[in-house]
Amino acid sequence: MSLSKARLDLLSRVAERNEEEALTALRGAETRLAEQTALHGELGRYLDDYQQRPIASPNPMLLENQRQFIAKLDEALQSQAKAVEAAKGRVAQAREAWMGTRRELRISLLLQEQGAAEDRRIDDRRSQRETDEFALNRHIAAGARYS
């Protein structure tokens with residue numbers, strides 16, 4: 001194994017590991033986005049349900065408490081919407097990173113294939129040269145017998 005082949009093998013292994021790590025990070029970011037989105041949906045449904053719920057015996061204190069609670073729920077919903085947007089940004093970043101590592105992996109594999117093809121060409125030339133030398137030596141030996 002030539003030194004450059006060893007380097008290409010190492011480069012490919014590192015690229016594969018980096019691609020796997022980036023894919024794991026992407027999957028984690030997607031999972032967190034799904035969790036944040038689900039929480040946002042739950043908060044939205046809870047707010048809708050609470051707003052639709054009538055107060056059994058309305059009095060000013062209960063109405064004010066309900067208004068304040070709805071305001072807090074709305075604030076939490078808006079905060080969760082921001083968390084969802086942030087999670088989408090992290091997914092986009094993770095996807096970009098993964099695509100970059102995939103590109104690096106494809107390049108390293110292409111370099112490995114090119115190196116292997118060059119090694120085969122060199123071996124083929126060496127084999128042809130040996131065959132030619134053998135045939136020439138036989139021809140010379142055969143000619144020496146008939147002289």
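Is S12 buried or exposed, judged by its relative accessibility? S12 counts as buried because its relative accessibility is 3%, where buried means under 20% relative accessible area, exposed means over 50%, and partly exposed lies in between (1.4 Å probe, protein chains only). This is a predicted model, in which local features need pLDDT of at least 70 and side-chain atom pairs count only at pLDDT 80 or more, while totals for chains, interfaces and linings use all residues. Residues are numbered from 1 along each chain as its sequence is written, and side-chain values use heavy atoms, with hydrogens and water left out.

**Overall form**

The protein has two helices and zero strands, the helices (H or I, at least four residues) and strands (E, at least two) being DSSP runs numbered from the N terminus. With a radius of gyration of 35 Å, well over the 15 Å that the globule rule gives for 147 residues, the protein is more spread out than a compact globule; the radius is taken over C-alpha atoms, and the rule is 2.2 Å times the number of residues to the power 0.38. Along the principal axes, the C-alpha atoms fill a box of roughly 130 × 20 × 15 Å.

Buried residues account for 20% of the 147 residues. The accessible surface comes to about 11,200 Å², and 55% of that surface belongs to carbon and sulfur atoms, as computed by the Shrake-Rupley method with a 1.4 Å probe. Among contacts (heavy atoms within 4.5 Å) between residues at least 6 apart in sequence, 78% join residues at least 24 apart.

**Individual residues**

The table lists relative accessibility for four residues.

| Residue | Helix | Relative accessibility | Class |
|---|---|---|---|
| S12 | α1 | 3% | buried |
| E30 | α1 (residues 3-52) | 32% | partly exposed |
| Q66 | α2 (residues 60-145) | 15% | buried |
| K82 | α2 | 62% | exposed |

Leaving aside residues up to four places away in sequence, S12 in helix α1 touches L105, S108, L109 and Q112. With the same exclusion of residues up to four places away, E30 touches V91 and R95, and the side chains of E30 and R95 are joined by a polar contact of 2.9 Å. A polar contact is a pair of N or O atoms within 3.5 Å, of which, within protein, one must be able to donate a hydrogen and the other to accept it, and residues adjacent in sequence count only if both atoms are side-chain atoms. The C-alpha atoms of E30 and A94 are separated by 9.0 Å, although these residues are 64 residues apart along the chain.

In helix α2, Q66 touches Y50, R53 and I55, again not counting residues up to four places away in sequence. K82 lies 46 residues from Q36 in sequence, and their C-alpha atoms are 9.7 Å apart in space.
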